[in-house]
Amino acid sequence: MSVKIRLQRHGKKGKPFYWIVAADARSKRDGKFLEKIGTYNPNTNPATIDLNLDGAVQWLHNGAQPTDTARAILSYKGALLKHHLDGGVRKGALTQEQADAKLAAWLESKTGKVDAKKAGLSKADAEVKAKALKAEKEANEKRIAAQVEAAKAPEAVVEEEVEAAADTEATVEETPAVEENNEETEA
């Protein structure tokens, strides 16, 4: 029986969530499996991977072949490195303490890189929010200024109407006098 370490899809449409499983190569993608090794959630940034490192390495020792995506995940989490170092221990090239120290150093550097990426993403989010807040404040200031001008505009219109009415009254008073003059000249 050929054993594969592969992904088993779960989650709803458009929101995949995967189990990392050791399964018979002949079984269906989402069918029977021998052991659940971990989970993989690509919906988060960076992707969330929860892996039983010892279980994955044990399956690799037993001859399980990972698929391409599973191999990338195992490499990312250090399972392939641990498998490689265990091979060196079995051959006598390393001691178990040296192998553990190398794996711990690698895992620590990998954790630092992931934390740096998370910090960069949160910093970028903070910058985007700051820009949006600044743009919103500018829009509010423009809106308030427009409302203030609109409030002043009716006062100016009222003043112009009063002046226009005064001009009209003066014109009305002058107009009958001209008509009277016209009547006198015609008579």
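The following exercises, each with a worked solution, concern a predicted model of a protein chain.

Residues are numbered from 1 along each chain as its sequence is written. Local features need a pLDDT of at least 70, side-chain atom pairs count only at pLDDT 80 or more, totals for chains, interfaces and linings use all residues, and side-chain values use heavy atoms, without hydrogens and water.

**Exercise 1. Confidence**

State the average pLDDT of the protein chain, and identify which elements have the lowest and the highest mean pLDDT.

*Solution.* Begin with the term: pLDDT is the predictor's confidence in each residue, from 0 to 100. The protein chain averages 84, and 83% of the residues score at least 70. Next, consider the elements: helices (H or I, at least four residues) and strands (E, at least two) are DSSP runs, numbered from the N terminus. Helix 4 has the lowest mean, 78, and strand 3 the highest, 94. Where pLDDT is low, the predicted coordinates should not be read in detail.

**Exercise 2. The surroundings of strand 3**

Determine how strand 3 pairs with strand 2 and strand 4, and why strand 3 is described as largely enclosed.

*Solution.* Two strands pair if DSSP finds at least two bridges between them. Strand 2 and strand 3 are antiparallel, with five bridges; here Ile-20 has Gly-38 in strand 3 as its bridge partner. Strand 3 and strand 4 are also antiparallel, with four bridges, and Asn-41 stands opposite Thr-48 in strand 4. These two strands, 3 and 4, form a hairpin with six residues between them. The loop between them contains Pro-46, and the peptide bond from Asn-45 to Pro-46 is cis, with omega near -5 degrees. Finally, five of the seven residues of strand 3 are buried (under 20% relative accessible area, with exposed over 50% and partly exposed in between; 1.4 Å probe, protein chains only). Strand 3 is therefore largely enclosed by the rest of the structure.

**Exercise 3. The largest nonpolar core**

Name the residues that touch the most other members of the largest nonpolar core, and the helix that gives the most to this core.

*Solution.* A nonpolar core is a set of buried Ala, Val, Leu, Ile, Met, Phe, Trp, Tyr and Cys residues joined through side-chain atoms within 4.5 Å. Of the 24 residues in the largest one, Ile-5, Ile-20, Ile-37 and Leu-51 touch the most other members. Helix 1 gives the most to this core, with five residues.

**Exercise 4. The buried face of helix 2**

Explain why the buried residues of helix 2 line one face.

*Solution.* Ala-70, Ile-73 and Leu-74 are buried in helix 2. Seen down the helix axis, the buried residues fall within an arc of 100 degrees (taken from the directions from the axis to the C-beta atoms), so they line one face of helix 2.
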